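Work through the exercises below with the sequence and the model side by side. Try each task before you read its solution.

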Amino acid sequence: TPLDGFPPKPDVRSLQAILECLQETFGISHPALTCVVSDQVQDAEMALACGCKFIGVLTGAATEEDFAPLQARGISIVPSVADVPDLILSL
């Protein structure tokens, strides 16, 4: 957060700070081992810029058409947040 000295999402520095914390705390050493879940296209762009996987959820702000240009870059789209756990297990 800005209170922590980092700009809020979708600024890539905010996600990079989280990735550093994951590395220090859990030993997750590569962004490709993480997955961002959101209903916003700008979050997908942030995740891809940091090398993370992304799951777009269609129960919020963005539609499938909004996410369509990013599908070629490997994002996944699910109808509901209820579908996220099964998709993560399949990755």
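**Exercise 1. What share of the residues in the protein is buried?**

Step 1. Fix the term: buried means under 20% relative accessible area, exposed means over 50%, and partly exposed lies in between, with a 1.4 Å probe and protein chains only.
Step 2. Apply it: of the 91 residues in the protein, 27% are buried.
Step 3. Know what you are looking at. This is a predicted model, in which local features need pLDDT of at least 70, side-chain atom pairs count only at pLDDT 80 or more, and totals for chains, interfaces and linings use all residues. Numbering starts from 1 along each chain as its sequence is written, and side-chain values use heavy atoms, with hydrogens and water left out.

**Exercise 2. List the elements in order, then judge the overall size.**

Step 1. Set the rule: helices (H or I, at least four residues) and strands (E, at least two) are DSSP runs, numbered from the N terminus.
Step 2. Count them: the protein has four helices and three strands.
Step 3. Read them from the N terminus: α-β-α-β-α-β-α.
Step 4. Compare the radius of gyration, taken over C-alpha atoms, with the globule rule of 2.2 Å times the number of residues to the power 0.38. The radius is 13 Å and the rule gives 12 Å for 91 residues, so the protein is as compact as a globular protein of that length.
Step 5. Box it: along the principal axes, the C-alpha atoms fill roughly 35 × 25 × 25 Å.

**Exercise 3. Find the aromatic pair and classify it.**

Step 1. Recall the description: a pair of aromatic rings is described by the distance of the centres and the angle of the planes.
Step 2. State the rule: rings of Phe, Tyr and Trp (its six-membered ring) pair if their centres lie within 6.5 Å; planes under 30 degrees apart count as stacked, over 60 as edge-to-face and the rest as tilted.
Step 3. Count: the rule yields one aromatic pair.
Step 4. Classify: the ring centres of Phe54 and Phe67 are 5.8 Å apart and their planes stand at 50°, so this pair is tilted.
Step 5. Place the partners: Phe54 sits in strand β2 (residues 53–57) and Phe67 in helix α3 (residues 64–71), 13 residues apart. Both Phe54 and Phe67 are buried.

**Exercise 4. Describe the surroundings of Asp43.**

Step 1. Locate Asp43: it belongs to helix α2 (residues 41–50).
Step 2. Check its cover: Asp43 has a relative accessible area of 2%, so it is buried.
Step 3. Find its contacts (heavy atoms within 4.5 Å). Beyond four places in sequence, Asp43 touches Lys9, Pro10, Ser38 and Phe54.
Step 4. Look at two of these partners: the peptide bond between Lys9 and Pro10 is cis, with omega about 15°. Pro10 lies in the segment before α1.
Step 5. Widen the view: the buried residues of α2 are Asp43, Ala44, Met46, Ala47, Leu48 and Cys50. Their cover includes α1 (12–26), β1 (35–38), β2 and α3.

**Exercise 5. Which residues does Leu15 touch, leaving out those up to four places away in sequence?**

Step 1. Locate Leu15: it is in helix α1.
Step 2. Check its cover: the relative accessibility of Leu15 is 7%, so it counts as buried.
Step 3. Name the partners: Leu15 touches Val36, Met46, Ala47, Cys50 and Cys52.

**Exercise 6. Examine the loop residue Gly51.**

Step 1. Place Gly51: its loop runs between α2 and β2.
Step 2. Read the backbone: just after α2, Gly51 has a positive phi of about 85°.
Step 3. Check its cover: at 34% relative accessibility, Gly51 is partly exposed.
Step 4. Seek contacts beyond four places in sequence: Gly51 meets Pro31 and Ala32. The C-alpha atoms of Gly51 and Pro31 are separated by 5.4 Å, although their places lie 20 residues apart along the chain.

**Exercise 7. Is Asp4 buried or exposed?**

Step 1. Place Asp4: it is in the segment before α1.
Step 2. Decide: Asp4 has a relative accessible area of 56%, so it is exposed.
Step 3. Take a distance: the C-alpha atoms of Asp4 and Gly56 are 27 Å apart.
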